[in-house]
Amino acid sequence: YKNPEFSCQAQYRNTNEPVRVLIRFLHKILHVYIDTRDGQGWRVCLAVEFDTDFSNHHMVFSAITGQVADVHEVNSISTRYIDESEQDFDDFLLMHAEGSNRRSGLGQLLWYLLMAGGLALNVICGMEIYKYLDYSSSGINSTLIADNLKAFAWPHTILHFGVSSLLLIVGAWFGLVINLPIVGYKIWAIQKKRLLLDANSVGAEAKIHSGNVLSYPNRMYLMMGVYAVTQIYILMNLSS
């Protein structure tokens, strides 16, 4: 359509995947949507209303290279008949929906930080469990076990608070909800000065002496399970 006011532009050169263009003509309104395969999905590129329905016209695809030696290839074209009874898209609402649902560059970065933090959380929790089992099986007394495991307490707690904060920021509600009990427990442990382990916390009667519902190893197994589920949830969101 030879009117510069109704032009549609998109950055499609040197993309790894073929760019997709969706053209929809219904009720004398031409809609053009572009997917440049940048992870942001379909975007509204053009919507213009005509004074004719072009019932006896044809749709043609062409390309020019301008002053640059370039290659334009149309890989495939698929068409579908649109019935008059179908409703028009509300492009204004669609643009706002895209803006709210697509991840921005910062949002994507936060998800990758969340993935790295979740992985680190699984690693540090796994190491703490491994060290506990190793010390327990070697016959070391409870006092030495507690002293050796104290090094994990604050890094583990700070890392978990950081991951939980990122879950809140990106709106990963399921991951946040399943981690809230652990956040609550750690806050309680800090207030009661029970975050750092002592002999009574890791011994055979740990649950009775510490006043906790779960013994230290059972708490760690439960946390590891929550962290693993959280990491799977993060990876599923990143791949979607």
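A crossing of two helices is called left-handed if the near helix is turned anticlockwise from the far one by less than a right angle. With that convention in hand, the predicted model described here offers a clear case: helix H3 passes helix H4 in a left-handed crossing. The residues of H3 that make the contact include Trp-154, His-156, Thr-157, His-160 and Phe-161, followed by Ser-164, Leu-167 and Leu-168. On the side of H4, the contact involves Trp-173, Gly-175, Leu-176, Asn-179, Ile-182, Val-183, Lys-186, Ile-187 and Ile-190. Two packed helices are described by the angle between their axes and the distance between the axes. For H3 (residues 142-170) and H4 (residues 173-191), the axes cross at roughly 145° and come within 9 Å.

It helps to place this pair in the overall fold. Seven helices and three strands are found in the protein, and their order from the N terminus is β-β-β-α-α-α-α-α-α-α. Of the 240 residues, 30% are buried. Among contacts with a separation of 6 or more, 65% are between residues 24 or more positions apart. One approach between residues far apart along the chain involves H3 itself, where Thr-143 is found. The C-alpha atoms of Thr-143 and Ala-199 are separated by 4.4 Å, although the two residues lie 56 residues apart along the chain. Thr-143 counts as partly exposed because its relative accessibility is 44%, a value between the limits of 20% and 50%.

The surface deserves a look of its own. The protein has an accessible surface of about 16100 Å², and carbon and sulfur atoms account for 58% of this area. A nonpolar patch on the surface is formed by Val-21, Ile-23, Met-59, Phe-61, Val-74 and Ile-77, which together have about 570 Å² of accessible area. Of these patch members, Ile-77 lies in the loop between strand S3 (43-49) and helix H1 (91-101).

Two lysines stand out for their backbone angles. Lys-28, which is not a glycine, nevertheless has a positive phi of about 65°. This residue, Lys-28, sits in the loop between strand S1 (20-26) and strand S2 (29-35), and its relative accessible area of 36% makes it partly exposed. Lys-193 likewise has a positive phi, near 60°, in a residue other than glycine. The loop that holds Lys-193 runs between H4 and helix H5 (199-202). Lys-193 is classed as exposed because its relative accessible area is 77%, and the cut-off for that class is over 50%.

Key
Residues numbered from 1 in each chain as written. Predicted model: local features only at pLDDT ≥ 70, side-chain atom pairs only at ≥ 80, totals over all residues. Heavy atoms only, no water. Patch = residues over 30% accessible without salt bridge, like charges linked within 9 Å, V, L, I, M, F, W, Y side chains within 5 Å. Areas by Shrake-Rupley, 256 points an atom, 1.4 Å probe, with all protein chains shown as cover. Salt bridge = Lys/Arg side-chain N within 4 Å of Asp/Glu carboxyl O. Helix = DSSP H or I, 4+ residues; strand = E, 2+ residues; numbered from the N terminus. Buried < 20%, exposed > 50% of the residue type's maximum accessible area, 1.4 Å probe, protein only. Contact = heavy atoms within 4.5 Å. Axes fitted to C-alpha atoms, helices over the stretch in contact; angles between N-to-C directions.
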